[in-house]
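Q: Please give me a close look at one part of this structure, and then follow its connections outward. I would like to know how the pieces fit together.

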Amino acid sequence: MNNPKLKPLVVAVALASAASTYAQEQSSGNEMLEEVVVTGFRSSLESALDQKREATGSVDAIVADDIASFPDMNLAESLQRIPGVAISRVGGEGRQISVRGLGPEFTRVRINGMEAMSSSGGTDAAGGANRGRGFDFNVFPSELFGNLAVRKTASADVEEGSLGATVDMNTVRASDYDEFTASISAQAGYNDLSEETDPRLTFLVSNMFADGKVGVLLAGSYSERTLLDEGASTVRWDNSNDFGTYQGSADDARLTEVNDAFRPRLPRYDFYQHEMERTGLAGSIEFLPTDSTEISLDMLYSKLDQSRQETFMLAALNNSSYAGAMNVLSHTLDNTNTVTAASFENATIQAENRYDELSTEFTQVNLNFSQDFGDRTRLSGMVGRSESNFENPIQTTIIARKQGIDFSYDYSGANRTDPVLTYGNEVGDVNGWENGGIRLRPITTDNTFDSASVDLEFDLNNSITLKGGVLYKDFQFATNQARRASENDAGVVLDANSMMVIDSGLGSNIWAVPDIDAINAANNIYSNTGEFEVSEENRLVDNYSAEEESLGVYAQLVFNTQIGDTPVRGDIGVRRVDTDQSSTAYSNSAGDFITAEHSYTETLPSANIVFEPIEDVLIRASYAEVMARAGIASLRPNVSVSVSGGSRSVSGGNPTLEPTRAKTYDLSTELYFDNESMMSFAVFYKDIESQVQSVRETKPYTETGLPIDLAVAACEAGPGYGGTSGCDENVNWEVSSPTNAPGGPLYGFEVSYQQPFTFLPGPFSNLGFIGNFTYVKAQLDYLNSDGEVVATQDLLGMSEDTSSATLYYDDGSFQARVSMTDRSGYLTNATGRNGNDREGTNGTTNVDASISYDFNEHLSVSLEGLNLTDEVEDQWVDASGNRLSYYHSTGRQFYVGAQYKF
């Protein structure tokens, strides 16, 4: 059994709480307290704390100065300091978030009150191109947003779709400022691994006109980043070996030992070069003609352009047909049946060069309005559209091979994460390489939301408000990938002119790798003609689309009253949503488009209640039934329908997948023991009804949601359709596809603490601390293709514990902060591959810091440092063997800059 670990945060909370209590006792005799006006960073913390306190459910927030003050490159990194939030990274930056152990696909994101999706591309180790429901936060600069809120409990007036949390992101508006405001800031960023310096620029202009009746704001951000991303990987380990001889003998007993043990499939050094350019614009026009009318038009644009060069130097130990029989010279075997070190003769060495150009363009426009009718009735609404377009028009990989090379590897001991791979001087020679293939794989992914809502509130009396509303959403998704008909060498001969030499700094340092530009200049590989033509026809399985139309209505009672002397507030309501789903894909068997439709209705009750039995002590209790729609890739109706004798089979996606459903329970206590100060403890439990897994089941074809004509064609090609043949759509078929397999319980607790140390003497009174710790546990049964339980393991992507701690200093002019975020390891594959029992990622601890100084109300300077401990991404296969899969570093990032406010 795993037990939650005590963290330094717990000790800090205890000590600081004791000190605060002592200080309060010492000052309890004072009848007059001097009013303290809090500004800057502390003011933003106080605003976020007020938002948490006033909410009826479990909400944690970050407000504008807080976001801008933390040394964050994007919104994911801003969110990681919220209790229970963990982030995954790509290219040294945060990309997606998990909340209380539930991954990105269980988290919904709203921008200015409207649901949105954002997709980007990543390295293969980071999941590649995002074609799911997870939101990629790295598309957006944090400077454009005024408020982030993470809603961990559900209420009827917040739209459905989340098991983990609903994240609300709101851009800044002119009404957020009292008067004309303008600012510009410039930073220079330096990465100690790439040794490159890049710019980062931000501006904001805002004003209220016509006696405060019209507000206009425009904010923008631009940044570049160049970095190296280097290390080693193996593309897993395998124990299916066929090394030809051991020290020249095919009968040596040691050969059998090596062939039966695990070895790295493709032991390699990796050398990535990333270039990123992020542009963001946020605009707002507000019209406030009367005290009871508000109209606002919010616009958001963000674009992330990336290029990535990936070069690999590896040995082919994966029994590929192109690799010759190798002679094993020596090996080291550990107690997990792993060959941690070995040397070979006659190895095949492979040099790969991959180049990607990637771009995500996000746009959103939405119109919001609210109107008060007297003192008791309020009407509000929204209409808008958000669109995310991801393109990876160039994804090119060219492979070069040399055979008959001496090779050795050593992953033993300390070399597990810093392996020694020895190829010899041949890998730096541009001569003697053969073409191993040319891959051209362009990808696109588009997400669009069209939304409209109307909400009505009516105060029944001073204590009870009746709310109701309607929300319509139309979500459209489409993704495409094209490939060559055959990814062979296409007759391209590699010579010295088509190879280039790079200094990787890894292993043998000097590598000869294919020169993509030179090869294209000589062979026109991007002509899209002849053998270099790319087509969706060559990759039908990766071309699919989906549309979901949903209509949600809700009714809710909001109350704020007293029971005896105890203030009680909260909400009780129910939400009903009808979803019409249509998914389209190519059939693997016929190459024709198939469209499948599915509809379902959810009724989702919820209740949130807050008691204040003692002044400044809040007890929150929440219950809700929630749902999250199935992953888009699982909904594909790309299937193979076949009949052989009396066997009728269907395999592929499952367009009739039901949502994942859960009953959720939350209970928390919050103590607001001083200004800007809070301690809280929360426990939570989620009874997850199901999870999507690929299993085999027997059911009538009519229950698959697929076109009947596919069954008819398969039956007619076999024993014949209908009649006495027993082959038609109404009888049972063996269906292998994703299905709603059993779920399980998820439970845990959170501890949070926040306090300025104003009770300390002298300058120490300007210190403060923010910290949190979250523990979560969930284990599920994982099935094989026959529906049999083969493993009971943790929920994928779930870190058992996450924590964050920030120590800050703020005297009004000088501000300094150091922040730590910690995430424990998590599983990425519960049943493993290639004979390994499971796969996962080891935990990370990231440390960031910043200092700033305000010379006056106009000018300030800053220095920021990110990833100060040069934390790495460490992925593994097999729990007992802890075999290296991927181990990469991106270096430390520093920013120096200045801001001027007009």
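A: Happy to! Two strands are said to pair when DSSP finds at least two bridges between them. The strands themselves are DSSP runs of E with at least two residues, numbered from the N terminus, while helices are runs of H or I with at least four residues. What you see is a predicted model, in which local features need pLDDT of at least 70 and side-chain atom pairs count only at pLDDT 80 or more, while totals for chains, interfaces and linings use all residues. Residues are numbered from 1 along each chain as its sequence is written, and side-chain values rest on heavy atoms, with hydrogens and water left out.

Let us settle on strand β4, residues 107–111. It belongs to an open sheet of 5 strands, ordered β1-β6-β7-β4-β5, with mixed pairing. The edges are taken by β1 (59–63) and β5, each of which has a single partner strand, so one side of each is left without a neighbour in the sheet. As background, strands of a sheet pair through backbone hydrogen bonds, in either a parallel or an antiparallel sense.

On one flank, β4 runs parallel to β7, and 5 bridges hold the pair together. On its other flank comes β5 (residues 114–115), joined to β4 in the antiparallel sense by 2 bridges. The chain passes between β4 and β5 through a hairpin with 2 residues between the strands, where N112 adopts a positive phi near 50 degrees. At the far end of the sheet, β1 and β6 (residues 145–151) are antiparallel and share 5 bridges; there, V59 has R151 of β6 as its bridge partner.

How covered is β4? 5 of its 5 residues are buried, where buried means under 20% relative accessible area, exposed means over 50%, and partly exposed lies in between (1.4 Å probe, protein chains only). In a regular strand, side chains alternate between the two faces of the sheet. Here both faces are covered: T107, V109 and I111 are buried on one side, and R108 and R110 are buried on the other.

R110 deserves a pause. In β7 it stands opposite D168, and in β5 its bridge partner is E115. The side chain of R110 also forms a salt bridge with D168, with the closest N and O atoms 2.7 Å apart. This pair connects distant parts of the chain, R110 lying in β4 and D168 in β7 (residues 165–171), 58 residues apart. The term salt bridge is used for a side-chain nitrogen of Lys or Arg within 4 Å of a carboxyl oxygen of Asp or Glu. Both partners, R110 and D168, are buried.

Now let us widen the view to other salt bridges, of which the structure holds 52. D305 and K303 meet in one of them, at 4.0 Å from N to O. D305 counts as partly exposed because its relative accessibility is 22%, and K303 is partly exposed too, with a relative accessible area of 25%. Another joins R661 and E658 at 2.7 Å, N to O. E658 is classed as partly exposed because it has 22% relative accessibility. Our R110 returns in a network of salt bridges with shared partners, which brings together R108, R110, E115, R151, E159, E160, D168, K473, R575 and R629. R151, the bridge partner of V59 from β1, is thus a member alongside D168 and E115.

For comparison, consider strands elsewhere in the chain. Strand β3 (residues 93–99) is mostly covered as well, with 7 of its 7 residues buried. It runs antiparallel to β2 (residues 85–90), to which 6 bridges join it, and V90 stands opposite E93 of β3. These two strands also form a hairpin, with 2 residues between them and a positive phi of about 60 degrees at G91 in the turn.

Further along, β46 (residues 893–901) has antiparallel pairing with β8 (residues 181–191) over 9 bridges. One opposing pair there is A186 and A898, the latter in β46. Strand β43 (residues 859–866) is likewise antiparallel to β46, over 8 bridges, and S862 stands opposite G897 of β46.
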